[in-house]
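Notebook open, coffee poured. I wanted to look a few things up in this structure and write them down as I went.

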Amino acid sequence: MALPSLTPEERKAALDKAAVARKRRAAIKDDLKAGKIRLSKVLELAKDDPVIAKLKVTSLLQSLPGVGPAKCEAIMEQARIAPSRRVAGLGKHQFAKLIDMFG
């Protein structure tokens with residue numbers, strides 16, 4: 001599939017939109033790491049915020065204090081979440097399992 005041709009203005013608008021999304025996701029992860037926000041709140045926010053909804057679950061979990069790649073992998077296996085899963089793609093059981101694990 002060929003990429004659509006964009007005008008310079010459309011390209012700049014798309015790049016600006018992507019930059020805003022990256023900053024928003026980084027801010028959420030920083031707040032998680034600092035303990036300013038709980039994982040359950042982020043998961044709730046993702047229902048209405050498409051920027052957070054597109055965040056990978058592995059990236060989100062590794063933002064939690066004390067959760068590195070190995071622990072994240074174990075959590076993902078226990079909750080039966082695929083490594084490529086994004087927050088928006090979590091099922092109700094996976095969502096509930098993460099809430100139970102992290103409150």
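**Entry 1: a cut-off before I start.** I call a residue buried under 20% relative accessible area, exposed over 50%, and partly exposed in between. By that rule arginine 24, with a relative accessible area of 34%, is partly exposed because its value falls between the two limits. I also note that I am working on a predicted model.

**Entry 2: the overall layout.** I looked up the secondary structure and got 6 helices and 0 strands for the protein chain. Read along the sequence, the pattern is α-α-α-α-α-α. The C-alpha trace spans about 45 × 30 × 25 Å along its principal axes. Of the 103 residues in the chain, 28% are buried. I then turned to contacts between residues at least 6 apart in sequence, and 60% of these join residues at least 24 apart.

**Entry 3: what the record says.** UniProt lists residues 32-102 as "domain: Integration host factor-like helix-two turn-helix", in an unreviewed entry. I checked that stretch in the model: residues 32-102 are 58% helix and 0% strand. The C-alpha atoms at the two ends of the stretch are 12 Å apart.

**Entry 4: salt bridges.** How many salt bridges does a search of the whole structure find? I got 3, and I went through them in turn.

- Arginine 24 and aspartate 49 meet through their side chains, at 2.9 Å from N to O. This pair links distant parts of the chain, as arginine 24 sits in helix H1 and aspartate 49 in the loop between H2 and H3, 25 residues apart. The two ends are not alike in accessibility: arginine 24 is partly exposed at 34%, whereas aspartate 49 is buried at 15%.
- Aspartate 16 and lysine 12 make a salt bridge with their side chains, at 3.0 Å from N to O. Both residues belong to helix H1, where they are 4 residues apart, about one turn of the helix. Aspartate 16 has a relative accessible area of 39%, so I logged it as partly exposed.
- Glutamate 44 pairs with lysine 47, and their closest N and O atoms are 3.5 Å apart. Glutamate 44 is partly exposed at 40%, while lysine 47 is exposed at 56%.

**Entry 5: the largest pocket.** I asked next which residues line the largest pocket. My list reads Lys17, Ala18, Ala21, Arg25, Pro50, Val51 and Lys54. The pocket holds about 190 Å³ of space. Helix H1 (8-34) and helix H3 (50-53) each supply at least two of the lining residues. H1 gives the largest share, 4 residues. By type, I sorted the lining into 4 nonpolar, no polar and 3 charged residues.

**Entry 6: alanine 46.** I found alanine 46 in the loop between helix H2 (39-45) and H3. Is it buried or exposed? Alanine 46 has 9% relative accessibility, so it counts as buried. Not counting residues up to four places away in sequence, alanine 46 touches Ile52, Ala53 and Val87. I also took a C-alpha to C-alpha distance to glutamine 78: alanine 46 and glutamine 78 are 22 Å apart in space and 32 residues apart in sequence.

**Entry 7: cysteine 72.** Cysteine 72 is in helix H5. I computed a relative accessible area of 1%, so cysteine 72 is buried. Leaving aside neighbours within four places in sequence, its contacts are Thr58, Leu61, Gln62 and Val67. Proline 83 is 11 residues from cysteine 72 in sequence, with 9.5 Å between their C-alpha atoms.

**Entry 8: a backbone angle to flag.** Which residue has a positive phi although it is not a glycine? I flagged arginine 80, with a phi of about 55°. Arginine 80 lies in the loop between helix H5 (69-78) and helix H6 (92-102). At 73% relative accessibility, arginine 80 counts as exposed.

Note on methods:
Residues numbered from 1 in each chain as written. Predicted model: local features only at pLDDT ≥ 70, side-chain atom pairs only at ≥ 80, totals over all residues. Heavy atoms only, no water. 1 Å grid on protein atoms, 1.4 Å probe; cavity = no way out; pocket = protein on both sides within 12 Å on 5 of 7 lines; lining within 4 Å. Points joined across faces, edges and corners; volume = space filled by probe spheres on them. Nonpolar A, V, L, I, M, F, W, Y, C, P; charged D, E, K, R; others polar. Buried < 20%, exposed > 50% of the residue type's maximum accessible area, 1.4 Å probe, protein only. Contact = heavy atoms within 4.5 Å. Salt bridge = Lys/Arg side-chain N within 4 Å of Asp/Glu carboxyl O. UniProt positions renumbered as here; feature names shortened; annotations may be inferred.
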